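Hi everyone, thanks for coming. I'd like to walk you through one structure today, so have a look at the screen.

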Amino acid sequence: MNVHVAKPVPIEFKQVVDAYGKVKQGGKAAGIGGESWEAFDKKLEDNLCVIWNRLASGTYHPSAVREVEIPKKDGKTRKLGIPTLRDRIAQEVVKKSMEQRIDQHFHEHSYGYRPLKSSKQAIEQVRKNCKEKDWVIDLDISKFFDEIDHELLMKAVDKQIEEKWIKMYVERWLKMKIVNKEGKEYDRAGKGTPQGGVIALRTHSQTLIFSGG
């Protein structure tokens, strides 16, 4: 299969291959349909070519996400959305393109899911701040994933991203259907984004550490 033919969307086959390598290092949980990495790898090049061709032609449409519930310390549960392996690869491609444009605008003490940033670095920054300052502000947006408005989120994306194809795919992922544990499919009615996907993690995360005297 020729993977060097020019496409309407400027995504190269190598980007998909790199995304596959990155995503495979993560979780193994299967999305709807139950496709595993073992099954995907049996026809690896063909499967990657399919993803690339659809992404690069603008015809990639994500599958629904599988909803699972995990327990929280307070006895409640948190809902996660598990995308298919193919969607995770596609999301990684777009996420990488977005990072290159957005990362420079983050606060220098923002460590959440940023390239070349880690939780260890965040802890070290906290230690340094505690030696120099005597106060800390801890902020958390309640039910962020459940309540964020799609229209407002797309306005924020539009302000930072010029490429129409990136915004097109972000919007498609926001509109992904959800399949709950009973097997029923529903949509989010214009708000919320499921935790668990590559895109969901990176588009919201800006872990800031503020302290002062």
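Let's start with a single residue: which residues does Tyr60 touch, not counting residues up to four places away in sequence? Keep in mind as we go that this is a predicted model. Tyr60 touches Ile51, Arg54, Leu55, Arg86, Asp87, Ala90, Tyr169 and Arg172. To find Tyr60 on the screen, go to the loop between helix H3, residues 44-57, and strand S1, residues 65-71. Is Tyr60 buried or exposed? Its relative accessibility is 6%, so Tyr60 counts as buried. Now look at one of those partners, Asp87. Along the chain, Asp87 and Tyr60 are 27 residues apart, and their C-alpha atoms are separated by 9.3 Å.

Okay, let's zoom out for a moment. The protein has 213 residues, and 39% of them count as buried. You can pick out 9 helices and 6 strands. And if you take the contacts between residues at least 6 apart in sequence, 73% of them join residues at least 24 apart.

Back to the neighbours of Tyr60. Two of them, Tyr169 and Arg172, are also on the list of buried residues in helix H8. How many of the 11 residues of H8 are buried? The count is 8, so H8, which covers residues 164-174, is largely enclosed by the rest of the structure. The full list of buried residues there is Trp165, Ile166, Lys167, Tyr169, Val170, Arg172, Trp173 and Leu174.

Next, helix packing. Ile51 and Leu55, which touch Tyr60, are also in the part of H3 that meets H4. The axes of H3 and H4 come within 11 Å and cross at roughly 50 degrees. The two helices are therefore oblique to each other, and H3 passes H4 in a right-handed crossing. On the H3 side you have Asn47, Leu48, Ile51 and Leu55, and they meet Arg86, Ile89, Ala90 and Val93 in H4. Sort the residues of that contact by type and you get 6 nonpolar, 1 polar and 1 charged.

H4 has another partner, helix H1. H1 is residues 13-24 and H4 is residues 85-102, and their axes come within 8 Å, crossing at roughly 110 degrees. That makes H1 roughly perpendicular to H4. This one is a right-handed crossing as well, with H1 passing H4. Who meets whom here? From H1 it's Gln15, Val16, Ala19, Tyr20, Lys22 and Val23, and from H4 it's Arg88, Ile89, Glu92, Val93, Lys95 and Ser97. This contact between H1 and H4 divides into 6 nonpolar, 2 polar and 4 charged residues.

Those charged residues bring us to salt bridges. Side chains of opposite charge can pair when their charged atoms come close. How many salt bridges turn up in a search of the whole structure? The search finds 13. Some of them join up: Lys22, Glu92, Lys95 and Glu99 are linked in a network of salt bridges. You've just heard Lys22, Glu92 and Lys95 in the contact of H1 with H4.

Let me show you a few pairs one by one. Lys14 forms a salt bridge with Asp18, and the closest N and O atoms are 2.8 Å apart. Both residues lie in H1, 4 residues apart, which is about one turn of the helix. Why does that spacing suit a pair? An α-helix has 3.6 residues a turn, so residues three or four places apart point the same way. As for the surface, Lys14 is exposed at 52% relative accessible area, while Asp18 is partly exposed at 43%.

You'll find a similar story in helix H5, residues 119-132. Arg127 and Glu124 are 3 residues apart there, so about one helical turn separates them. Their side chains meet in a salt bridge, at 3.8 Å from N to O. Arg127 is exposed, with 53% relative accessible area, and Glu124 is partly exposed, with 46%.

One last pair: Lys175 and Glu171, whose side chains meet in a salt bridge at 3.5 Å, N to O. Lys175 counts as exposed at 57% relative accessibility, whereas Glu171 counts as partly exposed at 35%.

That's my tour, thanks for listening!

Methods
Residues numbered from 1 in each chain as written. Predicted model: local features only at pLDDT ≥ 70, side-chain atom pairs only at ≥ 80, totals over all residues. Heavy atoms only, no water. Axes fitted to C-alpha atoms, helices over the stretch in contact; angles between N-to-C directions. Parallel < 35°, antiparallel > 145°, perpendicular 65-115°, else oblique. Left-handed = near helix turned anticlockwise from the far one by under 90°. Contact = heavy atoms within 4.5 Å. Nonpolar A, V, L, I, M, F, W, Y, C, P; charged D, E, K, R; others polar. Salt bridge = Lys/Arg side-chain N within 4 Å of Asp/Glu carboxyl O. Buried < 20%, exposed > 50% of the residue type's maximum accessible area, 1.4 Å probe, protein only.
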